[in-house]
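Biologist: I am new to this one. Please show me the sequence and the model, then take my questions in turn.

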Amino acid sequence: MSFIKFLGTAGARFVVTKQLRASGGAWLSAGGTNLYIDPGPGALVRCLNRKPKLEPAALDGILLTHKHLDHSCDVNIMIEAMTEGGFKKRGILFAPRDSLEEDPVVLKYVRAYVEKIEVLKENSEYRIGDILFSTAQRHHHRVETYGINFKILPHTVSWITDTKFFPELLNLYRGEILVIHVVRLKPIGNDLIEHLSVEDVKTIIKKVRPKLTILTHFGMTMIKAKPWLVAAELEKELGLKVVAASDGMNLDLEEV
Ligand SMILES: [Zn+2]
């Protein structure tokens, strides 16, 4: 069984702090391997409140694409849950260097609970059980941030996490399934907002033509525009399958 369960679809401060959408990140499972991606605020609660629940002690690893709170807030408690209170040393934490060094988000005493910490670097390959993945080049985002290309046989899944648009994005993520963080409905002429807009997403998927695109990580302008309507419009305009993720959504990778 291979699947992605979305335990949150919130992006950016207001949607997260008001919990207009959940912000727990995602659970990726392939073969027998379970990897948690970006445990934002509420990750643990979202896992345990599901029916049937997702058991953090079944995780093999946790991956942080970057250290912003909406991606990392629950990383310490998820490590503690994965390692059964720290009593079972196990699992791998994948994280960029700046989430561990400058102003770190992973507590030092919790680091001793995991079997291994792998520092994410640009253009590098990693493996955890049945999941192979690689980072692309560093994103244009205030902190050290990496998008991921997963090889989950028989699929390739590209995950474009937070970033400002940059031209190389068109060539870095060629997965058949594309998960893309789209915070803004419209581009904003403000360099401080380092996030993709629907316009940027359109440019990317026109070029990449994924078999399936999943929009997630919505900011306020996206929530107001109703993400499922935005997805339907993109689908109609581009003739490609586009879905807006919803909280709790399960994507069965064997049915794509
Ligand atoms: Zn961010």
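**The zinc site and beyond**

Biologist: What spacing do the donors of the zinc ion follow along the chain?

Modeller: A word first: this is a predicted model. Read along the chain, the donors of the zinc ion are three H and then a D, with the spacing H-x1-H-x72-H-x20-D.

Biologist: How far apart in the chain are His68 and Asp162?

Modeller: His68 sits in the loop between β4 (61–63) and α3 (69–72). Asp162 sits in the loop between β10 (155–160) and α6 (169–172). The pair links distant parts of the chain, with a separation of 94 residues.

Biologist: Which atoms coordinate the zinc ion, and at what distances?

Modeller: Three histidines and one aspartate do it. The atoms are His66 NE2, His68 ND1, His141 NE2 and Asp162 OD. Their distances from the zinc ion run from 2.2 to 2.4 Å.

Biologist: Is the arrangement around the zinc ion tetrahedral or irregular?

Modeller: Look at the angles that the 4 donor atoms subtend: they run from 89 to 169 degrees. A tetrahedral site needs all angles between 85 and 135 degrees. The range therefore makes the arrangement irregular.

Biologist: Is Asp162 buried or exposed?

Modeller: Buried means under 20% relative accessible area. His68 has 23%, so His68 counts as partly exposed. Asp162 has 2%, so Asp162 is buried.

Biologist: Which residue forms a salt bridge with Glu194?

Modeller: Glu194 is buried, with a relative accessible area of 14%. The closest N and O atoms of its salt bridge are 3.6 Å apart. The partner is Arg142.

Biologist: Which parts does that pair tie together, and how many residues apart are they in sequence?

Modeller: Glu194 lies in the loop between β11 and α7. Arg142 lies in the loop between β8 (131–135) and β9 (148–152). The pair therefore ties together parts whose separation in sequence is 52 residues.

Biologist: How many salt bridges does the structure hold?

Modeller: Side chains of opposite charge can pair when their charged atoms come close. Arg97 and Glu101 are one such pair, at 2.9 Å from N to O. Glu199, Lys202 and Glu237 are linked in a network of salt bridges. The structure's total is 6.

Biologist: Arg184 is buried. Which side chain of opposite charge is nearest to Arg184, and how far away?

Modeller: Arg184 is in the loop between β11 (177–181) and α7 (198–208). Its contacts include Ile193, Leu196, Thr221 and Met222. Arg184 has no salt bridge. The nearest side chain of opposite charge is Asp200, 8.3 Å away.

Biologist: Where do the buried residues of α4 fall when seen down its axis?

Modeller: Helix α4 (residues 75–82) has Val75, Asn76, Met78, Ile79 and Met82 as its buried residues. Seen down the axis, they line one face of the helix because they fall within an arc of 165 degrees.

Biologist: Which elements do those buried residues of α4 pack against?

Modeller: Strands and helices both take part. The strands are β3 (33–37), β4 and β5 (92–96). The helices are α2 (43–49), α3 and α5 (108–111).

Biologist: What phi does Glu84 take, just after α4?

Modeller: Glu84 also forms a salt bridge with Lys88, with the closest N and O atoms 3.6 Å apart. Glu84 is partly exposed, at 39% relative accessible area. Its phi is positive, at about 50 degrees.

Notes. Residues are numbered from 1 along each chain as its sequence is written. This is a predicted model: local features need pLDDT of at least 70, side-chain atom pairs count only at pLDDT 80 or more; totals for chains, interfaces and linings use all residues. Side-chain values use heavy atoms; hydrogens and water are left out. Helices (H or I, at least four residues) and strands (E, at least two) are DSSP runs, numbered from the N terminus. Buried means under 20% relative accessible area, exposed over 50%, partly exposed in between (1.4 Å probe, protein chains only). Lys and Arg count as positive and Asp and Glu as negative; His and the chain ends are not counted. A salt bridge is a side-chain nitrogen of Lys or Arg within 4 Å of a carboxyl oxygen of Asp or Glu. Contact means heavy atoms within 4.5 Å. Donors are N, O and S atoms within 2.8 Å of the metal (3.2 Å for Na, K and Ca); water is not among the atoms, so sites may look incomplete. Four donors count as tetrahedral if all angles lie between 85 and 135 degrees; four count as square planar and six as octahedral if opposite donors are over 155 degrees apart and all others between 65 and 115; anything else is irregular. The arc is that of the directions from the helix axis to the C-beta atoms. Lists of a residue's contacts leave out its neighbours within four places in sequence.
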